[in-house]
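Here are my notes on the model, as numbered points. Please read them with the structure open.

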Amino acid sequence: MNLIVLAASGRTGLAITRQALQRGHTVTAIARNPERIALPDSPKLRKVAGDVSDPASIAAVVDANSVLLSGLGTEQAGTLLAGATAIVAAGPRRIIWLGAYGTGKSADAAGEGAAVLGKLLGDRLADKVEADNTVLAAGGTVFHAGVLDMGPESRTRRTVGLEAAPPFDLSAKVSRETVAAAMLDEAETPRFPGTVALPLDR
């Protein structure tokens, strides 16, 4: 497949890009500074500059045939919604977006832990929820991951819908490699279009 990865220089975006190449896909990797995409040059990898605060730079890369995976994360409120808005406006065929378990659509399933997460996120919570809803309204898939760590891809990993979501647990982490693999699975074989999916280590 020809895939586009947004925020490809970030920790999750880099995992998505690397695994996509390992699976044999062709990847267009977008980052504000493409030189920070720490992967060796490859005929199947194109590194391009793009910034969600400049929708034209996204539209220049994304088209109606695109399958886009986003690893976009931020410490600044407003960035995620800007990214979601720019991507949806560019009109890709499919969007697979990274969100946070316990926010928005998954808050009820997460239980009491959602309140803790809300306090940690502060003014970024509303930004996350609006961004997710923008992607979902466009038919995209939003992956609500728990607390992320840098471990290896889980051999027992699975992806579930909200109906099978476990309670939110700050101590139950999921590796970025596992999340990346789950998002790529969805790109290859859509199971959760227009809804929220949870990548789990087991």
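1. Start with the packing. This is a predicted model. Its largest nonpolar core has 33 residues. Leu6, Ile58 and Trp97 touch the most other members of that core.

2. Which elements feed this core? Two or more residues each come from β1, α3 (79-90), β5 (94-100), α5, α6 (124-137) and β10 (196-200). Helix α3 gives the largest share, with five residues.

3. There is another core, apart from the largest one. This other core counts 28 residues. Val27, Leu69, Phe192 and Ala197 are among them.

4. Now the backbone at Ala7. Its phi is positive, about 60°, although Ala7 is not a glycine. Where does Ala7 lie? It sits in the loop that runs between β1 (2-6) and α1 (11-22).

5. Is Ala7 buried or exposed? Its relative accessibility is 17%. The cut-off for buried is under 20%, so Ala7 counts as buried. Please look at this residue with both points in view: a positive phi and a buried position.

6. Next, the surface. Val116, Leu120 and Leu170 form a nonpolar patch there. Together they have about 260 Å² of accessible area.

7. Take Leu120 from that patch. Its place is in helix α5, residues 113-121. Its relative accessibility is 55%. Exposed means over 50%, so Leu120 counts as exposed. Helix α5 is also one of the elements that give two or more residues to the largest core. View the helix from both sides of that account: Leu120 in the surface patch, and the residues α5 gives to the core.

Definitions and conventions. Residues numbered from 1 in each chain as written. Predicted model: local features only at pLDDT ≥ 70, side-chain atom pairs only at ≥ 80, totals over all residues. Heavy atoms only, no water. Helix = DSSP H or I, 4+ residues; strand = E, 2+ residues; numbered from the N terminus. Buried < 20%, exposed > 50% of the residue type's maximum accessible area, 1.4 Å probe, protein only. Patch = residues over 30% accessible without salt bridge, like charges linked within 9 Å, V, L, I, M, F, W, Y side chains within 5 Å. Areas by Shrake-Rupley, 256 points an atom, 1.4 Å probe, with all protein chains shown as cover. Salt bridge = Lys/Arg side-chain N within 4 Å of Asp/Glu carboxyl O. Core = buried A, V, L, I, M, F, W, Y, C linked by side-chain atoms within 4.5 Å.
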